[in-house]
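Visitor: I'd like to walk through this model and hear the reasoning behind the labels. Could you show it to me?

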Amino acid sequence: MLSAKRKFTGETVTAYFANKSHAPFVCLECNEGVILKTGRHKVNHFAHANPIACKFAEGESDTHRRCKTEIFLALQDMPGVRDAALERRLGEVRPDVSAIINGIPVAIEVQISSLSTETIMRRTIDYHRRGIYVLWLLLWTPKLDSKRYAPTLWEKWIHAAYFGRVYYWLEGLRVVSYHFDPQLKTVPKKTWYSEDGEKMAGGGYSQRLKRYRTPVRGRVFNLATDFGPREREWWEGGGVKVPDAKLFMGRKIG
């Protein structure tokens, strides 16, 4: 976790700006003691002093922490952005980063594999009810620039929710969009003869693969200047359900 509060003052602090002289710290969720972890090669963060059953203590990668920290710090330097915060409670959830961007209340969630599509849907519904526009981000991987890619279930859900786009974080406020085209396999045409001598034919068509897609790289956006609010209605198709949602997504050009 990247945020905690000082035990004796109740002041919320971020690991990036805090130092150990400000201790002791406690968890924002369970109020148990946490320790500030610092180092040259890892992002500053807080960790629970004792292993406990706290959902806010779930492990996250250093890349995930770096992504959240870079977005948070970059937003603070942008005109038109105010009230940026890390892991601030908004109703029942704590988005990774939240802010008012050009007058729009925004929650930024960096998706990790431990979240189910059911959890993503529940959080999206909660944000919608509270009038908050959500951006689900993923961490970019070089595999996306291959000819064949196997998106996860939650990537498919985000692709459906954001009208055929998935946004991947690169650095700072830079994100890149991808669209997934169907991956086709050609079934060659062939002929043969049956046991009674009748000539048979088969194949000669393209078959859509269930697992794989063809990733198509789109433009690079600045999420503070190139994104805006968009609302969508409930939709279902291809085994995916998308609820009514308020989305923060890239604007079209031209």
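Guide: What follows is a short round of questions about how parts of this predicted model get their labels.

Visitor: Let's start with T69. Why is T69 called buried?

Guide: The cut-off for buried is under 20% relative accessible area. T69 has 9% relative accessibility, so T69 counts as buried. The residue sits in helix α1, and the buried residues of α1 also include H64, R65, I71 and L75.

Visitor: And what is T69 in contact with, leaving aside its neighbours within four places in sequence?

Guide: That would be L2, Y16 and V43. Contact here means heavy atoms within 4.5 Å.

Visitor: Why does C30 count as partly exposed?

Guide: Partly exposed is what lies between the two cut-offs, under 20% for buried and over 50% for exposed. C30 has 27% relative accessibility, so C30 counts as partly exposed. You'll find C30 in the loop between β3 (25–26) and β4. From C30 to A99 the C-alpha to C-alpha distance is 24 Å, with their places 69 residues apart in sequence.

Visitor: Back to the helix. How does the span of α1 compare with the expected one?

Guide: Helix α1 covers residues 62–76, which is 15 residues. The expected span is 1.5 Å times one less than the number of residues. For α1 that comes to 21 Å, and the reach from first C-alpha to last is close to it, at 21 Å.

Visitor: Now the sheet. What makes β2 and β5 edge strands?

Guide: Each of them, β2 (12–14) and β5 (45–48), pairs on one side only. The sheet is open, with 5 strands in the order β2-β1-β3-β4-β5 and antiparallel pairing.

Visitor: How do you know that β4 and β5 pair?

Guide: Pairing takes at least two bridges between the strands. Strand β4 (residues 33–37) is joined to β5 by 4 bridges, and the two run antiparallel. One residue to look at is K37, whose bridge partner in β5 is H45.

Visitor: Last one: which residues touch the most other members of the largest nonpolar core?

Guide: I71, L75, L137, Y162, Y168 and L223 do, out of 58 residues in that core. Strand β9 (residues 133–139) gives the most to this core, with 6 residues. Apart from this core lies another, of 11 residues, with M1, V13, A15 and A18 among them. As for Y168, the contacts beyond four places in sequence include L137, L138, L139, W140 and F180.

Methods: Residues are numbered from 1 along each chain as its sequence is written. This is a predicted model: local features need pLDDT of at least 70, side-chain atom pairs count only at pLDDT 80 or more; totals for chains, interfaces and linings use all residues. Side-chain values use heavy atoms; hydrogens and water are left out. A nonpolar core is a set of buried Ala, Val, Leu, Ile, Met, Phe, Trp, Tyr and Cys residues joined through side-chain atoms within 4.5 Å. Buried means under 20% relative accessible area, exposed over 50%, partly exposed in between (1.4 Å probe, protein chains only).
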